[in-house]
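Got the viewer open and the sequence panel handy? Let's walk through this one stop at a time, selecting as we go.

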Amino acid sequence: MIFGKIIVKNCVTILIVIFNIILLVACNITDVPEVTSSAIEKPIPTVQESSIIEPQYYDDNIVAVVNGKQIFRTDYLLEKERHEEALSNLELGNFKTDNSSIDVLDKLIIIELVCQEAEDKGIIVTEEEIVVLSADIVGSLEDQTLFTEWLQKNKYTQLEFDQYLQKQLLIRKMYQLILSDIELDIEQVNARHILVESRSQAENLLDQINAGADFATLALKYSLDRSTALNGGDLGWFPRGVLTLSFLEEIAFGLEPGESSDVVESEFGFHIIQTVDRDLTRKMSHNVKILLYKRTIDKWIKNLQSQADIKKFID
């Protein structure tokens, strides 16, 4: 059944976007256009309006309140059901973990927070933009009938799906605004490292390196970081703010090309870092750019959460 497979495939794709929108939107931004700030002339009507409520009063149909805006249990349960159905179609096995409900709610809270921030900054989504995006999705399904079936299968009305698209576009524009100040041609270093279990072994290897032994050969033979050892310990080119172990990054930027660090301890073991080269205005690679964008968005969201008034009512 070719049509059936198309429906399932696109169902999975679009639903996964709903719950991974934070990552997917950030990772797909390569060119950051100008964002328009003005009032929305024709706002999309709300199916279940999130209203301001008194702090002391909540009913059973409310699962969270984000800066005074309600997230309703009915909306939450629908999103949770769509999410689980999408994962099930991807055959990810036993995806229902003890905290899956909280994970879904947290993602809905983030979406609400980002949309609130975008609206506070005057970012708009026009009806035309929603129509264009909706047409792209229908076009990917190749048939309006298939799209209608998809809406029914996933418990969307056309109006509800348009509201989802409005949020997606609002979040995308907010992220574009955040990322617009990031310089793409910046200082980067090319570095490599060796990770071993004991300080004595690391110091022995450092002595060999200082005596002229080949760093890459030693990394291949001894480094516990197998993801880089196969390439001679190569960490590639990177700017500041990308490496998970930030202290390794600081050391790499503090070394001159060809210079090796002293032995450095981390929770993983003992490291030797060597800076191979430096470029003051190197263009970031696509993968590094995506990683930097994600780190920037993650940091921004954490800051947003820390300043927000969030109340959750799911045990």
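Start by selecting P257, which sits in the loop linking α11 to β5. Keep in mind that you're looking at a predicted model. Colour by accessibility and P257 comes out at 43% relative accessibility, so it counts as partly exposed. Now show what surrounds it. Leaving aside residues up to four places away in sequence, P257 touches T275, V276, D277 and R278. Put a distance label between the C-alpha atoms of P257 and V276: you should get 4.9 Å, for a pair 19 residues apart in sequence.

Next, bring up the sheet. Select β4, β3, β6 and β5, in that order: they form an open sheet of four strands, with antiparallel pairing. Which strands stand at the edges? They are β4 (234–238) and β5 (264–266); each has a single partner strand, so one side of each is left without a neighbour in the sheet. Look along the sheet and you can follow the twist, which averages 35° from one strand to the next.

Zoom in on β5 and its partner β6 (residues 269–283). The two run antiparallel and are joined by three bridges. For a landmark, pick V264 and look across to β6, where H271 stands opposite. Then add α11 (residues 246–254), the helix that packs on this sheet. It touches β3 (185–196), β4, β5 and β6, and its direction makes about 60° with that of β6.

Time for a helix pair. Select α7 (residues 158–179) and α12 (residues 286–307). Their axes come within 10 Å and cross at roughly 105°. Angles of 65 to 115 degrees count as roughly perpendicular, so that is how α7 lies to α12. Show side chains at the crossing: from α7 you want M174, Y175, I178 and L179, which meet Y293, T296, I297, W300 and I301 of α12. How many of the residues in this contact are nonpolar, polar or charged? The split is eight nonpolar, one polar and no charged.

Last stop: jump back along the chain to β1 (residues 62–66) and β2 (residues 69–72). These strands pair in the antiparallel sense over four bridges. Click I62 and find its bridge partner in β2, F72. Then move to the turn of this hairpin, which has two residues between the strands. Check the backbone torsions of N67 there: its phi is positive, near 50°.

Notes. Residues numbered from 1 in each chain as written. Predicted model: local features only at pLDDT ≥ 70, side-chain atom pairs only at ≥ 80, totals over all residues. Heavy atoms only, no water. Axes fitted to C-alpha atoms, helices over the stretch in contact; angles between N-to-C directions. Parallel < 35°, antiparallel > 145°, perpendicular 65-115°, else oblique. Contact = heavy atoms within 4.5 Å. Nonpolar A, V, L, I, M, F, W, Y, C, P; charged D, E, K, R; others polar. Pairing = 2+ DSSP bridges. Buried < 20%, exposed > 50% of the residue type's maximum accessible area, 1.4 Å probe, protein only.
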